Amino acid sequence: MINKLGVVGAGYVGLVSAACFADLGFYVCVIDNDANRIQALKRGEIPIHEPQLEELVKKAVQSGHIVFSNSYDDIKDSCAVIMAVGTPSNSDGSANLEYLYSAVKQLSQVLKNGSYIILKSTVPIGTAESVRNLLAECAPNKVYPVINNPEFLREGNAIHDFQHPDRIVIGISDQSHKERMQYLYSHFIKNQVPVLFTDNATAETIKYASNAYLAMRIAFINEIAMICEKSGADVKAAAEGMGLDTRIGRHYLQPGPGFGGSCFPKDTKALSYYANANELDTPIISNIMRSNTARTDDLNAKIDALFMADKRKNIAVLGATFKANTDDMRDSPAIPVIRFLIEQGYNVRCYDPSHTKQFREYFDFDLLTTAQDALHGADAVLVLTEWSEFQLLPVTEFSGKIVYDLRNILNGVWLKNAGINYHCIG
Ligand code: NAD
């Protein structure tokens with residue numbers, strides 16, 4: 001049975017999975033080809049911002065349940081290896097599998113025969129099959145079951161989501177693989193978490209379909225917000241009214257500046273790519289990204305109209321990450337908005353509570369250290385991420401400024417009563 005686990009990729013999914021499995025009593029070795037990242041982890045530094053992760057990793061290090069390494073040799077005795085490397089978008093929208101294939105090749109040179117290779121990375125339909133073919137070429141004398149086990153955690157709530165999943169999806173090609181996977185997830189099975197065993201392609205489809213569906217809900221409510229702004233209806237109340245219908249539900253119906261992050265855009269694009277490549281006419285899936293881009297364009301025009309009309313040039317931007325409680329800026333909807341402001345000649349001062357290092361990958365200026373620093377001297381404020389810290393800012397910080405809250409998180413009534421020129425969505 002599985003007691004030694006290898007994890008390839010010490011990112012948002014790999015580190016969280018490793019820490020949570022270690023907490024359940026497994027012995028986990030996490031490897032990454034980024035030497036700096038592994039050195040940092042060995043020094044006890046967590047390279048990403050994720051609530052509770054530091055405490056969990058520290059506990060696992062102290063109990064000897066987690067170790068970090070740069071070498072595939074250190075996971076060669078693992079009973080199962082979880083693949084958690086990135087699968088970013090290629091320029092045509094397809095998923096870039098070069099990190100996965102490279103990791104599989106390196107792994108196959110050392111991993112003991114019979115170990116399970118578990119694909120936790122989000123991979124296109126048919127990937128388990130191609131990994132199997134690759135393994136047959138690279139390690140013809142060994143047999144490794146290739147399992148899909150897509151991850152559904154949300155950054156910012158990742159530990160909670162991993163420990164309390166709605167469901168666990170496991171894609172297998174042979175019923176004999178069930179037992180070992182049930183052992184890996186026995187804690188969750190004991191706690192009545194539904195575990196769905198499917199074939200590989202179905203597990204791959206479930207992950208893509210789930211992300212594209214959630215992205216579609218956000219795109220949909222943003223289109224409703226545009227309609228509300230035209231008609232004078234209140235989009236918050238409209239979303240609540242829709243969400244109270246149990247057939248619809250309340251989640252992912254918050255209007256905002258569009259969906260972003262390292263998953264929804266890339267997975268929606270990859271699903272659409274798959275449909276196109278297979279000559280399938282899927283107008284809903286194919287237009288989700290178009291709706292999201294239209295959202296950015298519409299908001300940029302509204303921001304410009306609002307700030308220009310009042311000759312506001314110095315803009316304090318609050319929030320840069322794609323959502324609160326993470327430092328992840330990948331595909332953040334804040335990026336095209338900040339770029340647009342800069343192109344239009346506005347002076348932008350930006351603050352994000354995560355102090356994300358990724359900001360400098362997108363912009364050639366630094367984030368400010370506090371919200372007050374960003375607000376100082378600004379004549380307009382744009383809220384782009386729903387960090388709760390922004391709700392605690394004293395009203396005096398907004399005096400004399402136009403406030404455009406693209407996350408509807410500030411207390412508009414309170415600000416308006418204090419004489420602030422406050423605008424929000426819908
Ligand atoms: P990430 O970029 O944070 O981490 C990936 C890590 O893999 C990096 O540290 C990188 O250095 C390492 N890596 C790349 N190639 C390697 C190799 N050949 N050998 C060893 N290490 C290698 O990525 P992530 O956000 O954790 O996402 C990983 C996968 O999980 C993706 O497929 C993603 O779609 C999926 N996923 C992500 C989330 C999320 O919220 N981030 C949620 C569910 C699923």
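A residue counts as buried when its relative accessible area is under 20%. That cut-off is useful to keep in mind while walking through this predicted model, starting with a threonine that sits well below it.

**Threonine 385 and its surroundings**

Threonine 385 has a relative accessible area of 0%, so it is buried. You will find it in the loop between β11 (380–383) and β12. What does its side chain reach? A polar atom of the threonine 385 side chain lies 3.3 Å from the backbone nitrogen of alanine 320. Setting aside neighbours within four places in sequence, threonine 385 is in contact with Leu318, Gly319, Ala320, Thr321, Lys323, Ala324, Asp352, Phe390, Arg407 and Ile409.

**Other loop residues**

Phe390 also turns up beside proline 353, which touches Trp387, Glu389 and Phe390 when residues up to four places away in sequence are not counted. Proline 353 belongs to the loop between β10 (347–351) and α14 (359–362). In space, the C-alpha atoms of proline 353 and threonine 370 are 7.6 Å apart, while 17 residues separate the two in sequence.

Arginine 312 is found in the loop between α12 and β9 (314–318). Is this charged side chain buried or exposed? With 16% relative accessibility, arginine 312 counts as buried. A polar atom of its side chain lies 2.9 Å from the backbone oxygen of glycine 400. Beyond its neighbours within four places in sequence, the contacts of arginine 312 are Phe307, Tyr346, Asp379, Ala380, Gly400, Lys401 and Ile402.

Two further loop residues are worth a look for their backbone. Glutamine 52, in the loop between α2 and α3 (53–62), has a phi near 70°, which is positive although the residue is not glycine. Asparagine 408, in the loop between β12 (402–405) and α16 (412–417), likewise has a positive phi, near 50°, without being glycine.

Here are the accessibilities of these loop residues side by side.

| Residue | Relative accessible area | Class |
|---|---|---|
| Threonine 385 | 0% | buried |
| Asparagine 408 | 11% | buried |
| Proline 353 | 14% | buried |
| Arginine 312 | 16% | buried |
| Glutamine 52 | 45% | partly exposed |

**Helix α2, side by side**

Now to a helix. Which residues of α2 (residues 35–42) are buried? They are Ile38, Ala40 and Leu41. These residues lie on the same side of α2, because they cover an arc of only 160° around the axis. The cover over them includes α1 (12–23), β2 (27–31) and β3 (66–69). On the face turned away from that buried side, α2 carries the exposed residues Asn36 and Lys42.

Both ends of the helix have something to show. At the N-terminal end, aspartate 34 acts as a cap, with a side-chain oxygen 3.1 Å from the backbone nitrogen of asparagine 36. Just after α2 comes glycine 44, with a positive phi of about 90°.

**An open pocket and an enclosed cavity**

If you are interested in empty space, consider the second largest pocket, which holds about 250 Å³. Its lining is made of 16 residues, and those nearest its centre are Phe259, Asn292, Asp331, Ser332 and Pro336. The elements giving two or more residues to this lining are α11 (264–277), α12 (283–309) and α13 (334–343). Which of them gives the largest share? That is α12, with 4 residues. Sorted by class, the pocket lining has 8 nonpolar, 5 polar and 3 charged residues.

How many cavities of 30 Å³ or more does the structure hold? It holds 1. The largest cavity encloses about 40 Å³ of space, and its lining consists of Leu119, Ser121, Thr122, Val123, Asn148, Asn149, Pro150, Ala203, Glu204 and Lys207. Helix α9 (residues 200–231) gives the most to this lining, with 3 residues. By class, the cavity lining divides into 4 nonpolar, 4 polar and 2 charged residues.

Notes:
Residues numbered from 1 in each chain as written. Predicted model: local features only at pLDDT ≥ 70, side-chain atom pairs only at ≥ 80, totals over all residues. Heavy atoms only, no water. Buried < 20%, exposed > 50% of the residue type's maximum accessible area, 1.4 Å probe, protein only. Arc of directions from axis to C-beta. Contact = heavy atoms within 4.5 Å. Polar contact = N/O pair within 3.5 Å; in protein donor to acceptor, adjacent residues only side chain to side chain. 1 Å grid on protein atoms, 1.4 Å probe; cavity = no way out; pocket = protein on both sides within 12 Å on 5 of 7 lines; lining within 4 Å. Points joined across faces, edges and corners; volume = space filled by probe spheres on them. Nonpolar A, V, L, I, M, F, W, Y, C, P; charged D, E, K, R; others polar.
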